[in-house]
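Here is a short set of exercises on ligand sites and backbone geometry, each with a worked solution. Try each task on the structure before you read on.

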Amino acid sequence: MAKYIMAFDQGTTSSRAIIFDHSGKIVASQNQEFKQIYPKAGWVEHDPMEIWGTQIGVAKGVIEKAGINPEDIAAIGITNQRETTVVWDKNTGKPIYNAIVWQCRRTAPICDELKNKGFDKKIREKTGLVVDAYFSGTKIKWILDNVEGAREKAEKGELLFGNIDTWLIWNLTRGKVHVTDYSNASRTMIFNIHELKWDKEILAELNIPEQMLPEVKPSSYVYGYTDKSIFGVEIPIAGDAGDQQAALFGQACFKPGMAKNTYGTGCFMLMNTGEKAVPSNTGLLTTIAWGIDGKVEYALEGSIFIAGAAIQWLRDELRIIDNSPQSEEYALKVEDTNGVYVVPAFVGLGAPYWDMYARGTIVGLTRGAKREHIIRATLESIAYQTRDVLEAMQEDSGIRLQALKVDGGASANNFLMQFQSDILGVPVDRPQVIETTALGASYLAGLAVGFWNSREEIEKNWNVDKHFEPAMDNEKREKLYKGWKKAVERAMKWAEE
Ligand SMILES: Nc1ncnc2c1ncn2[C@@H]1O[C@H](COP(=O)(O)OP(=O)(O)O)[C@@H](O)[C@H]1O
Ligand SMILES: O=P(O)(O)OC[C@H](O)CO
């Protein structure tokens with residue numbers, strides 16, 4: 001019997017493949033960064049062919065690294081940066097435009113129009129989402145409106161839309177399977193999360209032909225098999241979920257009220273709300289966690305657009321650190337930020353502010369401000385944004401969190417995790433496997449093929465690596481947080497004409 005599951009974690013900055021064993025331990029992992037394309041201020045694109053190329057490259061690489069045969073892999077689970085939009089030609093398999101990335105702000109004017117018409121309320125009710133350039137719907141519309149001949153071709157049924165999961169599955173099956181799962185569909189702004197259908201009224205409003213949309217399936221399901229030409233054998237593709245929902249699953253947050261926060265390019269806090277779609281009054285999103293065992297379960301989500309990406313900015317643009325882990329070393333060289341706040345609103349602000357026109361700001365600078373202060377303030381901004389979201393989540397759900405489960409690349413930073421616990425006044429638990437996104441996708445795939453039999457079996461694989469206790473007094477905590485709120489005010493609406 002095959003002994004492993006392979007996860008594809010196609011993230012915003014890198015494509016990763018990880019092989020897991022039955023105990024949920026990493027056997028081997030391979031990762032490759034790819035190009036970020038910024039054609040204009042506020043625009044972000046990826047090359048879909050590069051995404052496919054890097055993803056398949058790391059998949060082949062990791063099999064070799066693990067020293068196993070493709071026959072040893074029981075199934076593949078896919079998880080992906082969500083919302084990012086690809087439109088391709090059904091006959092040639094070639095994208096007609098670059099992938100428009102979730103962070104891209106180009107469709108803000110389309111969103112403004114929807115809001116001016118008052119259509120945003122309807123969208124909120126049907127999709128659980130706030131009208132924002134973040135989601136796929138307006139990105140599809142932009143491509144159809146701006147790429148020559150695209151609308152005509154789409155109406156003739158010659159074009160296909162997909163998020164990255166769909167694009168990968170389509171390529172893995174050499175064009176045989178055009179599907180997505182409930183969790184990814186719930187991020188498009190054209191999917192009705194209550195009726196579990198593409199929403200005809202929203203499609204008509206955005207002028208998107210339904211025939212270009214993928215079929216929506218459960219998150220744990222055999223969608224198809226990899227074409228034999230790829231790995232030499234046909235491997236079932238049996239799990240598909242958006243990366244943040246996959247992380248919720250990988251953290252074994254199976255019961256209502258359980259929450260996790262993933263610190264990657266952005267930062268995403270999700271709370272399981274069970275079979276109930278809880279509406280938000282505070283700027284959170286109501287989203288589908290997954291479809292499994294014949295039903296869907298929902299989550300409340302706080303989406304923060306820039307978290308680890310701000311550390312990459314320190315590295316690549318300001319060039320004041322050589323690598324991300326070094327941010328911790330510099331932050332610990334000073335006692336505080338010397339009054340400096342960084343608001344990394346590089347692509348606007350997500351939850352709970354939803355300001356497409358906010359931009360990055362550094363405030364509180366004095367002559368004594370050093371690079372260590374800016375580095376520390378950038379790390380702290382990740383924790384403050386998380387507090388904004390946690391407060392909203394506690395209000396919407398009526399649940400006070402006893403502890404926050406964390407994961408993702410930047411959760412390796414001990415300074416950040418301690419400051420996070422301090423500024424929340426809540427303990428933080430980091431598991432041994434922080435690649436919970438990939439782990440969640442593996443679990444979903446493994447459950448579909450009988451590699452694992454139940455969520456109870458999976459729960460036992462969760463083990464703590466480090467526990468952080470709040471160690472800051474309340475007065476200091478509230479004073480610092482008040483400064484943050486003031487800094488956010490300065491960043492808001494900056495780019496509004
Ligand atoms: N030790 C660290 N301290 C702070 N940030 C880190 C650290 N290690 C990684 N990061 C940040 O985490 C992000 C990578 O995390 P990952 O979970 O791989 O993200 P994604 O899936 O979004 O590509 C990068 O933005 C990187 O700057
Ligand atoms: O690539 P990540 O891990 O930052 O995740 C991106 C999110 O899915 C965007 O919604």
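**Exercise 1. Find which backbone atom lies 3.5 Å from an oxygen atom of ligand 1, then describe the surroundings of this ligand.**

Step 1. Start with the backbone: an N or O atom of Ala 309 is the partner, 3.5 Å from a ligand 1 oxygen. Keep in mind that this is a predicted model.

Step 2. Turn to the side chains. Thr 13 places a polar side-chain atom 2.9 Å from an oxygen atom of ligand 1, and for Arg 16 the distance from a side-chain N or O atom to an oxygen of the ligand is 3.0 Å.

Step 3. Now take the surface. On its own, ligand 1 exposes 580 Å², of which the protein buries 85%.

Step 4. Widen the view to the shell. There are 15 residues around ligand 1, and those that come nearest are Thr 13, Arg 16, Thr 265, Gly 308 and Gly 409. Helix α11 gives the largest share of this shell, with four residues.

Step 5. Sort the shell by class: ten residues are polar, four are nonpolar and one is charged.

**Exercise 2. Work out which residues make polar contacts with oxygen atoms of ligand 2, and how much of the ligand's surface the protein buries.**

Step 1. List the shell. Ligand 2 is surrounded by Gly 11, Thr 12, Gln 81, Arg 82, Glu 83, Trp 102, Tyr 134, Asp 243, Gln 244, Thr 265, Gly 266 and Phe 268. By class, that gives six polar, three nonpolar and three charged residues.

Step 2. Pick out the side-chain contacts. Glu 83 has a polar side-chain atom 2.7 Å from a ligand 2 oxygen, while the corresponding distance for Arg 82 is 3.0 Å.

Step 3. Add the backbone. Thr 265 brings an N or O atom of its main chain to 3.5 Å from an oxygen atom of ligand 2.

Step 4. Finish with the area. Ligand 2 taken alone exposes 310 Å², and 92% of that is buried by the protein.

**Exercise 3. Identify the space taken by each ligand and describe its lining.**

Step 1. Place the ligands. Ligand 1 takes up the largest pocket, and the space taken by ligand 2 is also the largest pocket.

Step 2. Give its volume, which is about 920 Å³. The pocket is lined by 41 residues, with Arg 16, Tyr 263, Gly 264, Thr 265 and Gly 409 closest to its centre.

Step 3. Trace the lining to secondary structure. At least two lining residues come from each of several elements, including β2 (14–20), β3 (26–33), α10 (243–250) and β15 (259–263). Helix α11 (308–316) is also one of these elements, and it supplies the largest share, five residues.

Step 4. Sort the lining by class: 20 polar, twelve nonpolar and nine charged residues.

**Exercise 4. Locate a cis peptide bond and a residue other than glycine with positive phi.**

Step 1. Recall the background: most peptide bonds are trans, and most residues other than glycine have a negative phi.

Step 2. Go to the bond between Ala 351 and Pro 352. This bond is cis, with omega about -5°. Pro 352 belongs to the loop that connects β19 (341–343) and β20 (361–363).

Step 3. Check Ala 252 next. Its phi is near 55°, a positive value, and Ala 252 sits in the loop between α10 and β15.

Definitions and conventions:
Residues numbered from 1 in each chain as written. Chains lettered and ligands numbered in written order. Predicted model: local features only at pLDDT ≥ 70, side-chain atom pairs only at ≥ 80, totals over all residues. Heavy atoms only, no water. Near = heavy atom within 4 Å. Polar contact = N/O pair within 3.5 Å; in protein donor to acceptor, adjacent residues only side chain to side chain. Areas by Shrake-Rupley, 256 points an atom, 1.4 Å probe, with all protein chains shown as cover. 1 Å grid on protein atoms, 1.4 Å probe; cavity = no way out; pocket = protein on both sides within 12 Å on 5 of 7 lines; lining within 4 Å. Sits in = over half its atoms within 2 Å of the grid points. Nonpolar A, V, L, I, M, F, W, Y, C, P; charged D, E, K, R; others polar. Points joined across faces, edges and corners; volume = space filled by probe spheres on them.
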